[in-house]
Amino acid sequence: MNSATATPRPLASVAVFCGSNFGTAAEHAAAAAQLGTLLAQRGLTLVYGGTHKGLMGVVADAALAAGGTVVGVINQRLHERGHLHAGLTRHEIAPDMRARKARMAELADAFIALPGGLGTLEELLEAATLTQLGDHHKPCGALDVRGFYRPLRALLETATDEGFLKPEHRELLLIEPDPARLLERMAAWTPPTVTKWIGQPGS
């Protein structure tokens, strides 16, 4: 990996992945609101999926209420169903989910996942995979509300123990229960400089 291209740029925008549902515990919405407020207070643009639904709406509402800039990228199907948040700073409409993810990655300097379902987990792991491969050099983190991401941490440790993941790549996913601490770690983060292959010639 070229160290010149691996130098992270200062954070100006953060893509947040999270559930379009609220979850069963009030702590989930409280954490989403706390993160949205903190991003605005720190002058960081929130990039997210553009809807008013679930935790996605909560994080956007909190950032906007705190005077922040919020950019929504919504796909065409959800826009047609009336899911677009009406109060965003600006929004873009992507033709499909793949295009939406790609555009969010272009707009963001870092990625944070709150609790969520299949889409949230897929978005987080794709962003981390692209960092592992060197396709981008952007920090990836998860806000560990109510221990939500402990099983993922355990799975990554198992993948390392079983020889499928290097420790450096396991550690590139920053998992923290405190959003301020998570942002601090992301601002100080540097990308790993090892390849993904383990014990193979020519890697």
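## A walk from a salt bridge to a buried strand

Start by selecting Arg103 and Glu92: the two form a salt bridge, and their closest N and O atoms sit 2.7 Å apart. Arg103 belongs to helix α5 (residues 97-107) while Glu92 belongs to strand β4 (residues 90-94), so this pair ties together parts that are eleven residues apart in sequence. Keep in mind as you look around that this is a predicted model.

Is Arg103 buried or exposed? Neither, quite: Arg103 is partly exposed, with a relative accessible area of 27%.

Now leave Glu92 on screen and add Arg90. Their side chains meet in a salt bridge too, at 3.0 Å from N to O. Arg90 counts as partly exposed, at 38% relative accessibility.

**Next stop: a second pair**

Select Glu171 and Arg153. Here the side chains meet in a salt bridge of 2.8 Å, N to O. Which parts of the chain does this pair tie together? Glu171 is in the loop between α8 (167-170) and β7 (173-176), and Arg153 is in helix α7 (residues 150-161), so the linked parts are 18 residues apart in sequence. Glu171 is partly exposed at 33% relative accessibility, and Arg153 is partly exposed as well, with a relative accessible area of 24%.

Before moving on, go back to the earlier group and add Glu106. Salt bridges with shared partners join Arg90, Glu92, Arg103 and Glu106 into one network. How many salt bridges does the structure hold? There are twelve.

**Last stop: strand β6**

Select residues 140-143, which make up strand β6. Both faces of β6 are covered: Cys140 and Ala142 are buried on one side, and Gly141 and Leu143 are buried on the other. That fits a general pattern: in a regular strand, side chains alternate between the two faces of the sheet.

Now bring in the partners of β6, beginning with strand β5 (residues 110-113). β5 and β6 pair in the parallel sense over three bridges. To find your bearings, select Phe111, which stands opposite Cys140 in β6. Then follow the chain from β5 through helix α6 (residues 118-133) to β6: this β-α-β crossover is right-handed.

Finally, show β7. β6 and β7 also pair in the parallel sense, over four bridges. Pick Gly141 as your marker here, and you'll find Leu174 of β7 opposite.

Methods: Residues are numbered from 1 along each chain as its sequence is written. This is a predicted model: local features need pLDDT of at least 70, side-chain atom pairs count only at pLDDT 80 or more; totals for chains, interfaces and linings use all residues. Side-chain values use heavy atoms; hydrogens and water are left out. A salt bridge is a side-chain nitrogen of Lys or Arg within 4 Å of a carboxyl oxygen of Asp or Glu. Buried means under 20% relative accessible area, exposed over 50%, partly exposed in between (1.4 Å probe, protein chains only). Helices (H or I, at least four residues) and strands (E, at least two) are DSSP runs, numbered from the N terminus. Two strands pair if DSSP finds at least two bridges between them. A crossover is right-handed if, with the strands pointing away from the viewer, the path from the first strand over the helix to the second runs clockwise.
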